[in-house]
Amino acid sequence: MSSKFFISLGGIILILAFAILGFTVDLFTAKAGSIFYQTENIIQSICVIIDAWLLNRLIKILVWKNYEEKHGHAAPKLFIDIVKLLIVMGAALLIVVDIYHKPPLSIFTAGSVIAAGLTFSLKELVLDAFASFILDFERPFKIGDWIEISHGVDGKVINSGWRQTKVLTHEDIVIYVPNGHLVKGKLTNLSQPHPYYWRTVEIVMSHRIPIDRVQRIVHGAVSTLPELHEHNCRVYALGANEKGVTYAIRYCVKNHAMWRETQHAVLKTAIEHLHSHGLHLSESMGEYAWIKGGQPWQEINPVSIERILKSIEILRPLSEQDLCELAKNAHKLSFSHDEEIIVQDEEGSSMFIIAEGIAEVLIKTLDQDHPQVVDLIPHGRCFGERALLLGERRSATIRAKSHMVVYELEKKHLEPILRHTPALIEELSKIIATHDEQRSNVEKDSNLRHKEHEKEMKNLVTHMKAFFKIDES
């Protein structure tokens, strides 16, 4: 048998024992007003009080705890307190009427008058108490949730009582909100149904900058932030006036406790990346903006390919002249949102460099029906270098997460450089071998030995020379 059975059995036995004790004392007839009569009344009153206490404990164990196990949360606190109060009032009424033989009508009359007077004089307190009852049953929030009340006040719920709810704001200030205010006014729970939610900040850019370009740059920058829930971000134009075009950056906050830090990171990253592309936030120029607004709309070129090539690690061994030659031959390509740039297991012999936007890396394994997103590639980074240098099949699918501008370098562009300077092959193989070693350390949690590293580098050199048909001699 369960422990609850023995607890309930023991509680019932104790309640009956004290009830019998009080009844047994009443069997001895004592003269009213005598010391024995008063002692009997005191003993009976104590037995009733103990029975009331035991009954409350028994209800807590058998009813309230069972309710919490069944529903996943505690029973409404106000309802529990009302049951306790009814038991206490019943015990008090029993003592006054049955033990001390006072007329019940006078007690009810006096109690009604007192209750009516208290209700009228403390109507706000009564309304808050009933509001607490409503909040307990509807449960629009729980302890630890972040809520937003009227007038833009938000904070974390740290306690909820009969009259008021205690809320801790971002400034570490505790405010006490009457429960009646929570029931009557607008209440937004920022932690339900999920702890993450969407926020929006706005920026204004010049009319002369194409909308698609601002969207590419800002979306590509903000989507890489680890502060965002699943890197979710959207950028779109809201409107235009004499100041410029207003853009909304809508991003997904992981947790409301960090919304200010997240907003700071979003604005900082967006502005830094715009500046890195030579773009700046618009300044209000009044009527001058309307006069100049009739000028033709010009596409501003992305960051120069020469500047991007210099930042690519795999191309670090190449000279300034070699990089300039590659920059001349690089193909500028544009991709729309969700458009695939390369596909896993396909053949290829080119590398891509992201000038604007952001791409997703998707990998499909044998036990999966669809490829899964495993990484993001921001602007200024490259992919497909192993296909360019070794002719390997594509190891992953790369898909545009936003509108993108990329540059493609093909094998035929690099081949003359390597034929002219074969020593570059060994330098390039070192970089590839180092990347492989780092990847192996992450995946297998073990370091490649020096001999294995050297062996892999030699294999890469041989493979690369064969791919570019460069004589071993």
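## Loops, strands and a cavity

Pro193 sits in the loop between β5 (188–189) and β6 (197–205). This is a predicted model, and here is a chat about it.

Trainee: Which peptide bond is cis, with omega near 0°?

Mentor: Let's start with what's usual. Most peptide bonds are trans. In the loop between β5 and β6 you'll find Pro193. The bond that leads into Pro193 has omega near 0°, and it's the one from Gln192 to Pro193.

Trainee: OK, Thr169 next. Is Thr169 buried or exposed?

Mentor: First, find Thr169 in the loop between β3 (164–168) and β4 (174–178). Buried means under 20% relative accessible area. Thr169 has 10% relative accessibility, so Thr169 counts as buried.

Trainee: How many Å apart in space are Leu225 and Ala265, C-alpha to C-alpha?

Mentor: Leu225 belongs to the loop between α7 (211–222) and β7 (228–241). With a relative accessible area of 8%, Leu225 is buried. Along the sequence, Leu225 and Ala265 are 40 residues apart, but in space the C-alpha to C-alpha distance is 7.7 Å.

Trainee: What is phi of Glu230 near?

Mentor: Again, start with the usual case. Most residues other than glycine have a negative phi. Glu230 lies in strand β7 and is exposed, with a relative accessible area of 58%. Its phi is a positive value in a residue other than glycine, near 55°.

Trainee: And where is Lys469 found?

Mentor: Lys469 also has a positive phi, near 55°. Lys469 is exposed, at a relative accessible area of 64%. As for the place, look in the segment after α15 (450–467).

Trainee: On to helices. Which residues are exposed on the other side of α11?

Mentor: Helix α11 covers residues 320–329, and its Asp322, Leu323, Leu326 and Ala327 are buried. These four cover an arc of only 140° around the axis, so they're on the same side of α11. Now look at the other side, where the exposed residues are Gln321 and Lys328.

Trainee: How many bridges join β11 to strand β16?

Mentor: Strand β11 (residues 350–356) is mostly covered, as seven of its seven residues are buried. It runs antiparallel to β14 (residues 382–383), with two bridges between them, and Ile353 has Cys382 as its bridge partner in β14. With β16 (residues 404–410) the run is antiparallel too, and Glu356 is partnered there by Val405. The number of bridges joining β11 to β16 is six.

Trainee: Why is one side of β10 and of β13 left without a neighbour in the sheet?

Mentor: The open sheet has four strands in the order β10-β15-β12-β13, with antiparallel pairing. From one strand to the next, the twist averages 35°. β10 (340–342) and β13 (372–377) stand at the edges, so one side of each has no neighbour: each has a single partner strand.

Trainee: Which residue in β13 stands opposite Ala359?

Mentor: Look at strand β12 (residues 359–363), which runs antiparallel to β13. Five bridges join the two strands. In β13, the residue opposite Ala359 is Ile377.

Trainee: Last one! How many nonpolar residues are in the lining of the largest cavity?

Mentor: A search of the whole structure turns up one cavity of 30 Å³ or more, and the largest has a volume of about 30 Å³. Its lining consists of Ile314, Leu315, Met351, Leu388, Leu389, Leu414 and Leu428. By class there are no polar and no charged residues in that lining, and the nonpolar ones number seven.

Technical notes
Residues numbered from 1 in each chain as written. Predicted model: local features only at pLDDT ≥ 70, side-chain atom pairs only at ≥ 80, totals over all residues. Heavy atoms only, no water. Buried < 20%, exposed > 50% of the residue type's maximum accessible area, 1.4 Å probe, protein only. Pairing = 2+ DSSP bridges. Axes fitted to C-alpha atoms, helices over the stretch in contact; angles between N-to-C directions. Arc of directions from axis to C-beta. 1 Å grid on protein atoms, 1.4 Å probe; cavity = no way out; pocket = protein on both sides within 12 Å on 5 of 7 lines; lining within 4 Å. Points joined across faces, edges and corners; volume = space filled by probe spheres on them. Nonpolar A, V, L, I, M, F, W, Y, C, P; charged D, E, K, R; others polar.
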